Amino acid sequence: MADDQRLAQLKDIVSIYLPEDVSVEAIGKDSSFVNELNINSANLVDIVLDVEDTFGIRLENEDMDKMQTVRDALNIIDQKLQDKK
Amino acid sequence: MLIINDIIKKLPYTNPFLFVDKLIMVNKKAVEGSYTFKKDEFFYKGHFKEQAVTPGVILTECCAQIGLVCLGIHLLDLEEGNSKDFQVAMSSSEMQFLLPVFPPETVTVKSKKVFFRFNKLQCDVKMYNQQGQLVCKGVLSGMMKIKVI
């Protein structure tokens with residue numbers, strides 16, 4: 001339940017930065033931000049900053065390097081929220 | 001620590017596309033610099049046919065060279081210990097142009113860092129003319145990073 005909600009929140013964030021030729025429906029758990037969703041590195045930073053604000057967490061450079069796919073992002077969010085507890 | 005003149009030397013631009021004459025101050029949050037638009041700059045031949053007016057894209061470029069790139073060089077130097085080989089790319093610009101700039105004119109650019117994270121630098125920039133009037137303002141972003149060999 002919480003997972004679905006997080007995925008929906010993440011999709012909302014990502015959709016703002018999608019290029020015009022990529023539809024929101026294209027966002028799946030295994031989608032690669034750069035290779036499949038065609039998000040450039042500058043907008044990937046915007047996504048990370050929005051994720052931080054939305055979930056009240058802070059990502060480090062290593063997290064950014066690991067964040068290739070939507071699933072990676074969800075795992076990082078999950079882990080950061082666990083660490084906060 | 002870089003001194004101010006070293007920052008200008010590190011800029012990857014040259015004539016006729018270098019739009020920084022001097023830096024007045026730089027710290028980890030802000031930068032201030034100036035440039036004099038001379039009557040014989042290459043773009044005045046065509047902009048416009050009848051009268052020389054500095055194009056908005058050139059004002060934006062001047063704001064970016066001082067406000068983003070000079071500040072970025074300083075921040076890379078502070079954070080990474082050097083800024084020897086860096087790559088730079090403008091990623092977005094949202095500018096408003098309030099007054100025309102006719103040559104010759106010396107403009108001052110004042111830039112404040114919004115954030116510098118994951119190699120992306122975003123700044124609030126403002127450009128003033130010699131009378132101290134606001135010429136243009138906006139938000140510029142760019143990617144700045146050390147080249148990985």
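The exercises below, each with a worked solution, concern a predicted model.

**Exercise 1. The sheet of chain B**

Work out the strand order of the six-stranded sheet in chain B and name its edge strands.

Solution.
- Step 1. Reading across the open sheet, the order is S1-S2-S4-S5-S6-S3 of chain B, and the pairing is antiparallel.
- Step 2. S1 and S3 of chain B each pair on one side only, which makes them the edge strands.
- Step 3. Ignoring direction, the average turn between neighbouring strands of this sheet is 25 degrees.
- Step 4. As background, strands of a sheet pair through backbone hydrogen bonds, either parallel or antiparallel.

**Exercise 2. Two strand pairs**

How many bridges join S1(B) to S2(B), and how many join S3(B) to S6(B)?

Solution.
- Step 1. Strand S1 (residues 22–26) of chain B is joined to S2(B) by four bridges, and the two run antiparallel.
- Step 2. Three residues form the hairpin connection from S1(B) to S2(B).
- Step 3. To place this pair in register, find B:Leu23, which stands opposite B:Gly33 in S2(B).
- Step 4. Between S3(B) and S6(B), also antiparallel, there are eleven bridges.
- Step 5. Here the register can be read from B:Phe97, opposite B:Cys136 in S6(B).

**Exercise 3. Helix packing in chain A**

Classify how H1(A) is oriented to H2(A) and to H4(A), and give the hand of each crossing.

Solution.
- Step 1. Helix H1 (residues 2–16) of chain A packs on H2(A) at about 140 degrees, the axes being 10 Å apart.
- Step 2. Angles over 145 degrees count as roughly antiparallel and those from 65 to 115 as roughly perpendicular, so H1(A) is oblique to H2(A).
- Step 3. The crossing of H1(A) with H2(A) is right-handed.
- Step 4. For H1(A) and helix H4 (residues 70–84) of chain A, the axes come within 11 Å and cross at roughly 120 degrees.
- Step 5. H1(A) and H4(A) are therefore oblique to each other, and their crossing is right-handed.

**Exercise 4. The two largest pockets**

Which residues lie nearest the centre of the largest pocket, and which are closest to the centre of the second largest?

Solution.
- Step 1. The largest pocket holds about 830 Å³ of space.
- Step 2. Its lining has 29 residues, with A:Asn61, A:Met64, A:Asp65, B:Phe118 and B:Asn119 nearest the centre.
- Step 3. From chain A, helices H2 (41–55) and H3 (61–66) each give two or more residues to this lining; from chain B, helix H2 (56–80) and strands S3 (86–97), S4 (105–117) and S6 (134–146) do so.
- Step 4. By residue class, the lining of the largest pocket has 15 nonpolar, seven polar and seven charged residues.
- Step 5. The second largest pocket has a volume of about 180 Å³.
- Step 6. This pocket is lined by 13 residues, and B:Lys110, B:Ser111, B:Lys112, B:Asp124 and B:Lys126 are the closest to its centre.
- Step 7. S5(B) gives the most to this second lining, four residues.
- Step 8. The lining of the second largest pocket divides into five nonpolar, two polar and six charged residues.

**Exercise 5. Backbone exceptions**

Where do the cis peptide bonds ending at B:Pro16 and B:Pro104 fall, and what is the phi of A:Asn38?

Solution.
- Step 1. Most residues other than glycine have a negative phi, and most peptide bonds are trans.
- Step 2. The bond joining B:Asn15 and B:Pro16 is cis, with omega about 5 degrees; B:Pro16 lies in the loop between helix H1 (4–10) and S1 of chain B.
- Step 3. From B:Pro103 to B:Pro104 the peptide bond is cis, omega being near -5 degrees, and B:Pro104 is in the loop between S3 and S4 of chain B.
- Step 4. A:Asn38, in the loop between H1 and H2 of chain A, has a positive phi near 55 degrees.

Key:
Residues numbered from 1 in each chain as written. Chains lettered and ligands numbered in written order. Predicted model: local features only at pLDDT ≥ 70, side-chain atom pairs only at ≥ 80, totals over all residues. Heavy atoms only, no water. 1 Å grid on protein atoms, 1.4 Å probe; cavity = no way out; pocket = protein on both sides within 12 Å on 5 of 7 lines; lining within 4 Å. Points joined across faces, edges and corners; volume = space filled by probe spheres on them. Nonpolar A, V, L, I, M, F, W, Y, C, P; charged D, E, K, R; others polar. Pairing = 2+ DSSP bridges. Axes fitted to C-alpha atoms, helices over the stretch in contact; angles between N-to-C directions. Parallel < 35°, antiparallel > 145°, perpendicular 65-115°, else oblique. Left-handed = near helix turned anticlockwise from the far one by under 90°.
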